[in-house]
Amino acid sequence: MLRIDQKIIASFVDNNDKILDVGCDKGELLNHLRNEKNAITRGIEISMAGVNCCVKNGHSVVQGDANFDLVNYPTKSFDKVLLSKTLQATDKPHEILQQITRIGKKAIVGFSNFGHYKVIAFFSF
């Protein structure tokens with residue numbers, strides 16, 4: 001089952017798009033895009049457990065660190081590059097954004113709003 005942010009991201013993906021998901025975790029979004037949008041999916045994930053889960057589900061995912069490994073992807077080689085809940089974990093977010101906009105014809109970025117009142121209230125106790 002997809003999180004609400006993943007559902008929103010999926011709504012921006014067209015049928016048959018070639019997708020790179022940076023920080024794809026266990027591949028829930030990749031599964032959805034492949035099954036519902038007939039997307040050609042690829043991923044990069046830092047966690048070996050996440051990579052193993054993705055590969056087990058038939059996805060082409062490599063273990064890598066977005067901080068260093070995005071430079072190895074060719075320019076405009078994907079229709080869309082997804083970066084969801086990953087940007088805040090990078091060392092140089094500006095460089096990551098430059099790389100994903102170079103790699104993809106379009107980039108979709110999602111991130112947590114740590115300033116939202118519900119988050120602040122939760123951590124205030």
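What covers the buried residues of H2? In this predicted model, the cover includes helix H1 (4-11), strand S1 (18-22), strand S2 (40-45), helix H3 (48-56), strand S3 (60-63) and strand S4 (78-84). The chain around H2 has six helices and five strands, and from the N terminus on they run α-β-α-β-α-β-α-β-α-β-α. Of its 125 residues, buried ones make up 38%. Take contacts between residues at least 6 apart in sequence, and 56% of them join residues at least 24 apart.

**Helix H2**

- H2 spans residues 28-37, and its buried residues are Leu29, Leu30, Leu33 and Lys37. These four sit on the same side of H2, because they cover an arc of only 105° around the axis.
- That fits a general rule: an α-helix has 3.6 residues a turn, so residues three or four places apart point the same way.
- Flip to the other side of H2 and you find Asn35 and Glu36, which are exposed.
- Just after H2 comes asparagine 38, with a positive phi of about 55°.

**The sheet**

- Five strands make an open sheet, ordered S3-S2-S1-S4-S5, with parallel pairing. S3 and strand S5 (104-110) are the edge strands, each pairing on one side only.
- From one strand to the next, the twist averages 20°.
- S1 and S4 run parallel and are joined by four bridges. One residue to look up here is isoleucine 19, whose bridge partner in S4 is lysine 80.
- H2 packs on this sheet and touches S1, S2, S3 and S4, with its direction at about 170° to that of S2.

**Nonpolar cores**

- The largest nonpolar core has 13 residues, and Leu20, Val22 and Leu70 touch the most other members. S1, S4 and helix H5 (93-103) each supply at least two residues of this core.
- A separate core of 10 residues lies apart from it, with Leu2, Val13, Leu29 and Ala39 among its members.
- Leu29 turns up twice, then: it is one of the buried residues of H2 and also a member of the 10-residue core.
- What does leucine 20 touch, not counting residues up to four places away in sequence? Its contacts are Arg42, Gly43, Ile44, Tyr73, Phe78, Lys80, Val81, Leu82 and Ile103.

**Salt bridges**

- The count comes to four salt bridges.
- Aspartate 5 pairs with arginine 3, and their closest N and O atoms are 2.9 Å apart. Arginine 3 is partly exposed, at 33% relative accessibility.
- Aspartate 14 and lysine 80 form another salt bridge, with 3.3 Å between the closest N and O atoms. Aspartate 14 is in the loop between H1 and S1 while lysine 80 is in strand S4, so this pair ties together parts that are 66 residues apart in sequence.
- Is lysine 80 buried or exposed? It counts as buried, because its relative accessibility is 6% and the cut-off for buried is under 20%. Its partner aspartate 14 is partly exposed, with a relative accessible area of 45%.
- Lysine 105 and aspartate 79 also meet through their side chains in a salt bridge (3.3 Å, N to O). This pair links distant parts of the chain, with lysine 105 in strand S5 and aspartate 79 in strand S4, 26 residues apart.
- Lysine 105 is exposed at 54% relative accessibility, whereas aspartate 79 is partly exposed at 22%.
- Asp14, Asp17 and Lys80 are joined into one network by salt bridges that share partners.

**Positive phi in the loops**

- As background, most residues other than glycine have a negative phi.
- Lysine 76 has a positive phi, near 50°. You'll find lysine 76 in the loop between helix H4 (66-69) and S4, partly exposed at 41% relative accessibility.
- Lysine 85 has a positive phi as well, near 55°. Its place is in the loop between S4 and H5, and at 41% relative accessibility lysine 85 counts as partly exposed.

Technical notes: Residues are numbered from 1 along each chain as its sequence is written. This is a predicted model: local features need pLDDT of at least 70, side-chain atom pairs count only at pLDDT 80 or more; totals for chains, interfaces and linings use all residues. Side-chain values use heavy atoms; hydrogens and water are left out. Buried means under 20% relative accessible area, exposed over 50%, partly exposed in between (1.4 Å probe, protein chains only). The arc is that of the directions from the helix axis to the C-beta atoms. Contact means heavy atoms within 4.5 Å. A nonpolar core is a set of buried Ala, Val, Leu, Ile, Met, Phe, Trp, Tyr and Cys residues joined through side-chain atoms within 4.5 Å. Two strands pair if DSSP finds at least two bridges between them. Axes are lines fitted to C-alpha atoms, for helices over the stretch in contact, and angles run from 0 to 180 degrees between N-to-C directions.
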